[in-house]
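User: Hi! I'm new to this one and would love a friendly walk through it. Could we start with the terms I'll need?
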Amino acid sequence: MHCRLCDSVRLVSVLDLGATPPCEKFLTEIELDEPETTYPLHLRICQDCLLLQIPALITPDETFTEYAYFASYSDSWVRHAKTFVDHAVTQLDLDAQSLLVEVASNDGYLLQHAVAAGIPCLGIEPSVNVGAAARERGVPTTTGFLDEELAAKIRAEYGPADLVVANNVYAHVPDLIGFTRALRELLADDGWLTIEVHHALNLVRHGQFDTVYHEHFQYYTLLSAQYALATGGLTVVDVELLPTHGGSLRLWVRPDGVAQPSPRIARVLAIEAQAGLHTADGYSGLRSRAEVVRHDLLRYLLACRAGGKRVAGYGAPGKGNTLLNYCGIRPDLLSYTVDRNPYKQGRYTPGTRIPIHPPEHLDADRPDVVLALPWNLEAELTSQLRHIRDWGAHLVFPMPTLHPAVFTDSGDAR
Ligand SMILES: [Zn+2]
């Protein structure tokens, strides 16, 4: 096995999560009677370049041709995107002559704000059904996987981009070096690229092992992201630490030699070094953190079952499927979950085969306990689900360690 960034063979095991199906492969009722393919989910670190990675066993077209994730189903995510676009338009002086390109533009959750602001834009989205939803809301969208060929074609047709946005996609590309070159190809020589990606600092520090799944091929520190981007002639000139997805990096990137790096870069690198992430040994605590989550959650669900309490889930995110599969939770312990995404409703979670209903089902059924699977939305869900107290239900979150939601009477989650 070779490191996909530096080709080293010195990869060491960090966490073995067993064999699981791709986490977005929700099953229809008919598929319940068909074979279901699983792949080993084994996180390793490269001792040479420190890229945290899993083997690329699935190809992106298996995942993305009909993708189940519509970003617009999260209110907080759409707000986050609007704030970002407003800020970028002001900071980078974008106007009706500019070009904004978003890679993995999903259902237009972000570019709709560029359209509203009169900024010419183009989305690149591999999933046919998700890209169609973007076009329906008036966001120009090309269907395809970004590679060097597509980047050259877009540049020839639309010109170089003043801003390229690549949010929550840089982890999803198995051909990391080719993808990085494609990003550079899209970009004007004095342009900007922003990348948001989950920060491995939080993965390790808070034991967020369920962010590891087949669709995420690599997990970045600022240090390993700098190294990856350098392969395409790109320099990280500034960095922000964001609370999204349990802690993300927002990288501000430009072609080599255009700008001096901000002092914030040295500060974030120092935080990572302090946390031990600039040595391969610094990742070794993740395994015991994951075991604690598994044991605590199983103990709790078994106690609920023994006490006659009915437990339902809230949400069916990709990370929930890593958690459910790794913990071995099936409908005897979690009878169903609910999700706002109509695509998932009526389907079953991959591997664990837990039925997914619309959210209204929760109010009709009134379970005793609701287990929230998208723990990164704790504040939003605590506020959204406060009415379950009316029938005496408890809301619990499994991460970073199992804990109940704290409802406040003002209506806002704390
Ligand atoms: Zn490497």
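Analyst: Happy to. Helices and strands here are DSSP runs, numbered from the N terminus, with at least four residues for a helix (H or I) and at least two for a strand (E). One more thing before we start: this is a predicted model.

User: Thanks. How many helices and strands are there in the protein chain?
Analyst: The chain has 13 helices and 17 strands. Its radius of gyration is 21 Å, close to the 22 Å that the globule rule gives for 414 residues, so the chain is as compact as a globular protein of that length.

User: What box do the C-alpha atoms fill?
Analyst: Roughly 65 × 50 × 45 Å, taken along the principal axes.

User: And how much of the chain counts as buried?
Analyst: Of the 414 residues, 57% are buried. The accessible surface comes to about 16,800 Å², and 51% of that belongs to carbon and sulfur atoms.

User: What about contacts between residues far along the sequence?
Analyst: Taking contacts with a separation of 6 or more, 69% are between residues 24 or more positions apart.

User: How many positive and negative side chains are there?
Analyst: There are 34 positive and 50 negative ones, and the centres of the two sets lie 6 Å apart.

User: Let's zoom in on strands. Is β8 mostly covered or mostly open?
Analyst: Mostly covered: β8 spans residues 187–198, and nine of its twelve residues are buried. Strand β7 (residues 161–167) runs parallel to β8, and six bridges join the two. In one of these pairings, V164 has L193 in β8 as its bridge partner.

User: There's an open sheet of six strands too, right? What is the order of its strands?
Analyst: The order is β14-β13-β12-β15-β16-β17, with mixed pairing. β14 (356–357) and β17 stand at the edges with a single partner strand each, so one side of each is left without a neighbour in the sheet.

User: How do β12 and β13 run, parallel or antiparallel?
Analyst: Parallel, with two bridges joining β12 (residues 311–314) to β13 (residues 337–338). G313 stands opposite T337 in β13.

User: Switching topic: any odd backbone spots?
Analyst: A few to look at. As background, most residues other than glycine have a negative phi, and most peptide bonds are trans. A cis peptide bond joins M399 and P400, with omega about 0°. P400 lies in the loop between β16 (394–397) and β17 (403–404).

User: Which phi values are positive?
Analyst: D7 is one of them, with phi near 70°. L50 also has a positive phi, near 65°.

User: Where are D7 and L50 found?
Analyst: D7 is in the segment before β1 (11–20). L50 is in the loop between β2 (39–46) and β3 (52–53).

User: Why does D7 count as exposed, and is L50 buried or exposed?
Analyst: D7 has 51% relative accessibility, so it counts as exposed, since exposed means over 50%. L50 is at 8%, so L50 counts as buried, the cut-off for that being under 20%.

User: Last one: where is the place of R305, and what is R305 in contact with?
Analyst: R305 is in helix α10 (residues 286–306), and at 52% relative accessibility R305 counts as exposed. Leaving aside neighbours within four places in sequence, R305 is in contact with D332 and L333. R305 and G18 are 287 residues apart in sequence, and their C-alpha atoms are 25 Å apart in space.

Definitions and conventions. Residues are numbered from 1 along each chain as its sequence is written. This is a predicted model: local features need pLDDT of at least 70, side-chain atom pairs count only at pLDDT 80 or more; totals for chains, interfaces and linings use all residues. Side-chain values use heavy atoms; hydrogens and water are left out. The radius of gyration is taken over C-alpha atoms; the globule rule is 2.2 Å times the number of residues to the power 0.38. Buried means under 20% relative accessible area, exposed over 50%, partly exposed in between (1.4 Å probe, protein chains only). Contact means heavy atoms within 4.5 Å. Accessible areas come from the Shrake-Rupley method with a 1.4 Å probe; for residues, only the protein chains shown count as cover. Lys and Arg count as positive and Asp and Glu as negative; His and the chain ends are not counted. The place of a charge is taken as NZ of Lys, CZ of Arg, CG of Asp or CD of Glu. Two strands pair if DSSP finds at least two bridges between them.
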